[in-house]
Amino acid sequence: MLRLAFLLSLALLPACATIVNGSSQTVTVSTAPPAATCTLERVGERIGAIAATPGSVRIDKSKNDLSVTCSKSGYQTATVTHSSKFSGATFGNFIAGGAVGFIVDASTGANFSYPEDIRLELAQAAMPRGPGISLNTPTSDGAPRAMPV
């Protein structure tokens, strides 16, 4: 019975970042030019998508880096990677509850966060070079001569 009471008291200890900040967050992605399609990945796994920028998606927090890749017809694909930042709310666990709260925050990812706004610049794709135009000029004997392009 004493053991059960101890375990229940541990469960009631605060996990500051989990309570204050939550274990997920909204990330807004915008691009120049707008209306690009974007995917969000973490550790090689797709965790979100935006059909047309600007747009927002709710993702779970994690200690792992977040990669955002955006593409639009006529533009080069762009990718940016953001590392998660450690949240200061986790330090409240040592004051209010000790290691248990820290463990809860770490297991939920609540002690980390990503930038709320992510912006990517898409460079215009290079125009494909078609076949060159050669100008045929007659030689002195009247035969056509190809000019280099």
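Buried means under 20% relative accessible area, exposed over 50%, and partly exposed in between, using a 1.4 Å probe and protein chains only. By that yardstick Cys38, at 0% relative accessibility, counts as buried.

This is a predicted model, where local features need pLDDT of at least 70, side-chain atom pairs count only at pLDDT 80 or more, and totals for chains, interfaces and linings use all residues. Residues are numbered from 1 along each chain as its sequence is written, and side-chain values use heavy atoms, with hydrogens and water left out.

**View 1. The disulfide of Cys38 and Cys70.** The structure holds 1 disulfide (a pair of cysteine sulfur atoms within 2.5 Å). Here the sulfur atoms of Cys38 and Cys70 sit 2.0 Å apart. The S-S torsion is about 110°, so this disulfide is right-handed. Cys38 belongs to strand β2 (residues 37-42) and Cys70 to strand β5 (residues 66-71), so the pair ties together parts 32 residues apart in sequence. Strands are DSSP runs of E, at least two residues, numbered from the N terminus. Cys70 is buried too, with a relative accessible area of 0%.

**View 2. The β5 and β6 hairpin.** Strands β5 and β6 (residues 78-82) run antiparallel, joined by 5 bridges; pairing takes at least two DSSP bridges. Cys70 stands opposite Ala78 in β6. The hairpin has 6 residues between its strands, and Gly74 takes a positive phi near 90°.

**View 3. Residues 4-19.** Across this stretch pLDDT (the predictor's confidence in each residue, from 0 to 100) stays under 50. The model has 28 contacts (heavy atoms within 4.5 Å) for residues 4-19 beyond four places in sequence. Where pLDDT is low, the predicted coordinates should not be read in detail.

Technical notes
Helices (H or I, at least four residues) and strands (E, at least two) are DSSP runs, numbered from the N terminus.
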